[in-house]
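Student: Can we go through this one together? I'd like to start with a helix and then look at some loops.

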Amino acid sequence: MTPAGRVELHTHLEGSVTPARLILLAEKYGQPGLPAALLNEDGSAYRFEGFHGFLDAFKDVTSLLRTPGDFYAAARDLGGILKADGVSYAEVSLSYGVLLKRNIDPVTVQSALFDAAAEVGERDGVTIRWIPDAVRQWGVDAGWRAWEAAARAGGALGVVGFGLGGDEAAGPAADFADLFAEVKSEGFGITIHAGEMPAMGRAAVDSIRQAVEECGADRIGHGLAAVQDPLMLATLAARGVFVEMCPGSNVRTGGIADWSDHPLREILDAGVPCCLNTDDRAMFDLDLEGEYGRAAEYADLSPEEHDGMQKAARKAAFHECD
Ligand SMILES: [Zn+2]
């Protein structure tokens with residue numbers, strides 16, 4: 001590990017809500033059935049089956065994040081967890097699409113997150129910046145409302161980029177091309193979940209193409225399907241489009257069957273800048289230390305390659321992170 005600590009670029013605040021915090025929130029909102037439905041028997045870890053099971057669980061977690069104070073607490077928890085995991089800089093996503101759907105004002109929440117990040121910086125020495133995102137299957141109009149709120153919050157509240165998440169099969173990135181043109185013109189970074197589900201076949205590769213060619217993505221979340229098309233890999237390498245790889249997440253959601261099936265080695269050897277991330281560290285029960293350990297075990301990631309990934313991640317960050 002570099003003395004400054006690692007960088008993590010793909011992690012969602014909602015997926016970082018610990019089982020302990022979930023239990024507290026469920027008590028607060030009179031939802032005793034939720035921890036029982038979402039957690040294992042001793043309440044120490046989440047349980048769900050497959051990608052849609054995960055999306056449903058994610059939705060249930062978000063239903064308990066209601067006030068700025070709830071988000072503040074979740075962000076403060078995350079700061080301590082990142083410190084314990086040796087992370088010194090993280091860009092954390094939050095779904096403004098979900099907030100708007102639940103009639104929660106994203107800017108008020110962002111203000112609380114900004115305060116939490118300041119406290120985390122001081123307490124834990126961890127720098128957190130924020131990436132609001134839109135939910136692709138809810139359509140372009142909802143996407144624009146999420147972006148408008150993100151622009152209102154802006155750099156003054158720690159926003160450094162804008163993203164697109166959700167169900168790729170139900171929301172083509174190309175629909176959001178005009179929105180991302182504006183994101184870019186306003187000077188914010190662009191990261192789009194794409195190619196997360198290789199089982200989509202050619203459509204998964206096309207999803208990456210749309211993100212890169214039509215939306216101008218600086219970074220791709222997951223990008224597993226890129227290895228199905230040598231030309232796509234070459235394009236990512238030539239343009240320096242960064243891939244935020246999340247192997248443990250892919251195993252948990254069924255994107256790949258096993259860690260050893262992750263195309264990390266092919267992506268790295270193709271010269272595509274990339275790093276490892278936990279995606280939803282609490283919900284998947286992952287940390288970055290474990291992910292890099294498995295990369296060494298399953299993909300022969302050398303210490304030099306680890307350092308190279310971290311250097312590339314620092315370069316791909318949407319904010320200065322040294
Ligand atoms: Zn993600």
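Tutor: What follows is a short talk about one helix and three loop residues in a predicted model.

Student: How many residues does helix H15 have?
Tutor: Helix H15 runs over residues 303-316 and has 14 residues. From its first C-alpha to its last it reaches 20 Å, close to the 20 Å expected.

Student: Which residues of H15 are buried?
Tutor: Met309, Ala312, Ala313 and Ala316. They cover an arc of only 105 degrees around the axis, so they sit on the same side of H15.

Student: Why would residues that are spread along a helix point the same way?
Tutor: An α-helix has 3.6 residues a turn, so residues three or four places apart point the same way.

Student: And what covers the buried residues of H15?
Tutor: The cover includes strands S1 (6-12), S6 (219-222), S7 (242-245) and S8 (274-276). The face turned away from the buried side carries the exposed residues Pro303, Glu304, Asp307 and Lys315.

Student: Loops now. Where is Asn103?
Tutor: Asn103 is in the loop between helix H5 (96-101) and helix H6 (106-124). Its phi is positive, about 55 degrees, although Asn103 is not a glycine.

Student: Is a positive phi usual or unusual there?
Tutor: Most residues other than glycine have a negative phi.

Student: What about Asp285?
Tutor: Phi of Asp285 is also positive, near 55 degrees. Asp285 lies in the loop between helix H13 (281-284) and helix H14 (288-299).

Student: Is Ala156 buried or exposed?
Tutor: Ala156 counts as exposed because it has 10 C-beta neighbours inside 10 Å. Its loop lies between helix H7 (140-153) and strand S4 (161-165).

Conventions. Residues numbered from 1 in each chain as written. Predicted model: local features only at pLDDT ≥ 70, side-chain atom pairs only at ≥ 80, totals over all residues. Helix = DSSP H or I, 4+ residues; strand = E, 2+ residues; numbered from the N terminus. Expected span 1.5 Å × (residues − 1). Buried ≥ 20, exposed ≤ 12 C-beta atoms within 10 Å, placed from the backbone. Arc of directions from axis to C-beta. Contact = placed C-beta atoms within 7 Å.
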